Amino acid sequence: MKECVDRVVVAGAVFDRGRLLAARRSAPPELAGRWELPGGKVEPGEGGPEALVRELREELGVEVEPCERIPGEWPLKPGYVLRVWTARVLSGEPRPLQDHDELRWLSRRDWDSVDWLDQDVPAVIEAVRRLPAPDPADPAR
Ligand SMILES: Nc1nc2c([nH]c(=O)n2[C@H]2C[C@H](O)[C@@H](COP(=O)(O)OP(=O)(O)OP(=O)(O)O)O2)c(=O)[nH]1
């Protein structure tokens, strides 16, 4: 019987000092080289925030705190939808350990300087709208 419920992929809009974390996929070949919000499939019995914490621990080696769900969901490949939570890093420095080969922190000004997966763009725009203003005293801004 056809599966009627879409499988949820949860991704993090990870914010730090007014910047959003973008990750470049290294696999599968059809997605490699494109940028996404890091995350992965929610496993049966798992909550979205719980899955996000697990995925970012596995993929980036960091502990994160999911903050708020960005309203809405976005279609991915057939049978999959994307849900996004804003999140902040509690400990660790994100590294591309699994599924990615590069990470980049993007500001409101340069969020579109990477080649986002087409299906991610509407979600990324919503995430960028929620970016906290950078601290004017921060040299990294
Ligand atoms: N994580 C993530 N996946 C996305 C995004 N946009 C998008 O189309 N996808 C696709 C890529 C994959 O086909 C699927 C998520 O798979 P994944 O490979 O990240 O998930 P996972 O870590 O649970 O991997 P797996 O071991 O089950 O294969 O959704 C996105 O922004 N983040």
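Start with the whole chain and its long-range contacts: in this predicted model, among contacts (heavy atoms within 4.5 Å) between residues at least 6 apart in sequence, 68% join residues at least 24 apart. The model is read with local features needing pLDDT of at least 70, side-chain atom pairs counting only at pLDDT 80 or more, and totals for chains, interfaces and linings using all residues. Residues are numbered from 1 along each chain as its sequence is written, and side-chain values use heavy atoms, with hydrogens and water left out.

Next, switch to a cartoon view. The protein chain has 2 helices and 7 strands, taken as DSSP runs numbered from the N terminus (helices: H or I, at least four residues; strands: E, at least two). Read from the N terminus, the order is β-β-β-β-α-β-β-β-α. The radius of gyration, taken over C-alpha atoms, is 15 Å, close to the 14 Å from the globule rule for 141 residues, so the chain is as compact as a globular protein of that length. That rule is 2.2 Å times the number of residues to the power 0.38. Along the principal axes, the C-alpha trace spans about 60 × 30 × 30 Å.

Now show the surface. About 7700 Å² of the protein chain is exposed, with carbon and sulfur atoms supplying 51% of it; the area comes from the Shrake-Rupley method with a 1.4 Å probe. Of the 141 residues, 42% count as buried (buried is under 20% relative accessible area, exposed over 50%, partly exposed in between; 1.4 Å probe, protein chains only).

Select residues 5-134. An unreviewed UniProt entry places "domain: Nudix hydrolase" here; such annotations may be inferred rather than shown by experiment. Over this range the chain is 17% helix and 42% strand, and the end C-alpha atoms are 39 Å apart.

Go to valine 5, in the segment before β1 (7-16). Valine 5 is exposed, at 60% relative accessible area. Add glutamate 63: valine 5 and glutamate 63 are 58 residues apart in sequence and 30 Å apart in space, C-alpha to C-alpha.

Move to threonine 86 in strand β6 (residues 80-91). Threonine 86 is buried, at 4% relative accessibility. Beyond neighbours within four places in sequence, threonine 86 contacts Ala13, Phe15, Glu65, Pro66, Cys67, Glu68, Ile70 and Arg130.

Finish at tyrosine 80. Lysine 77 lies over the face of its ring, 4.6 Å from the ring centre (a charge sits over a ring if NZ of Lys or CZ of Arg is within 6 Å of the centre and within 35 degrees of the ring normal).
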